[in-house]
Amino acid sequence: MCEIYSAAEPELFELKTRSIRLDGVVTSIRLEAVFWHLLEDIASDAELSLGTFLSRIHREVIARRGEVGNFASLLRVACTTHLNQGQRLTVPPDRARLSPDIQH
């Protein structure tokens, strides 16, 4: 049952760090390779460079919330929204925290 997940090629989840210029400030962002690929696709679809696309997201988050928080996590959520045809996934309130009885 879990083969579709467990058989993922290692190069998809290999962590990649990139230096990105966000509104003139150089910073590093570390994401799994598959997320970098998705972000490049999203930016390309919008006819933007990856740097311009990420700067716009960064700027919009600051305008909305006044701070960015965890930008790498936000980018992962953006990728899941893209894969879900623009529909943002939600976490039901009862699942927002890990349950102590989750078995490994």
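In this predicted model, β1 (15–22) and β2 (25–32) run antiparallel to each other and pair over eight bridges. Just two residues sit between the strands of this hairpin, and aspartate 23 takes a positive phi there, near 50 degrees. Further along the pairing, leucine 15 has glutamate 32 in β2 as its bridge partner.

The hairpin also feeds into the largest nonpolar core, which counts 21 residues. Both strands supply at least two residues each, and so do α3 (33–45), α4 and α5. The biggest share comes from α3, at six residues. Inside the core, the residues with the most contacts are Ile29, Leu31, Trp36, Leu39, Phe53, Leu54 and Leu75. Leucine 31 is a handy one to zoom in on: setting aside neighbours within four places in sequence, leucine 31 touches Glu14, Leu15, Lys16, Trp36, Leu39, Ala72, Leu75 and Arg76. Trp36, Leu39 and Leu75 thus turn up on that contact list and also among the core residues with the most contacts.

Then there is the open space. The largest pocket comes out at about 460 Å³. Its lining is made of 13 residues, and Ile57, Leu74, Ala78, Thr81 and Arg88 are the closest to the pocket centre. Two elements, α4 (50–65) and α5 (71–83), give two or more residues to this lining, with α4 giving the most, at six. Chemically, the lining is a mix: seven residues are nonpolar, four are charged and two are polar. Both α4 and α5 therefore play a double part by the core and pocket definitions, supplying the nonpolar core as well as the pocket lining.

Notes. Residues are numbered from 1 along each chain as its sequence is written. This is a predicted model: local features need pLDDT of at least 70, side-chain atom pairs count only at pLDDT 80 or more; totals for chains, interfaces and linings use all residues. Side-chain values use heavy atoms; hydrogens and water are left out. On a 1 Å grid over the protein atoms alone, a cavity is a set of points where a 1.4 Å probe fits but cannot get out, and a pocket is an open set with protein on both sides within 12 Å along at least five of seven lines; lining residues have an atom within 4 Å of a point. Grid points are joined across faces, edges and corners, and a volume is the space filled by probe spheres set on the points. Helices (H or I, at least four residues) and strands (E, at least two) are DSSP runs, numbered from the N terminus. Ala, Val, Leu, Ile, Met, Phe, Trp, Tyr, Cys and Pro count as nonpolar, Asp, Glu, Lys and Arg as charged, and the others, Gly among them, as polar. A nonpolar core is a set of buried Ala, Val, Leu, Ile, Met, Phe, Trp, Tyr and Cys residues joined through side-chain atoms within 4.5 Å. Buried means under 20% relative accessible area, exposed over 50%, partly exposed in between (1.4 Å probe, protein chains only). Contact means heavy atoms within 4.5 Å. Two strands pair if DSSP finds at least two bridges between them.
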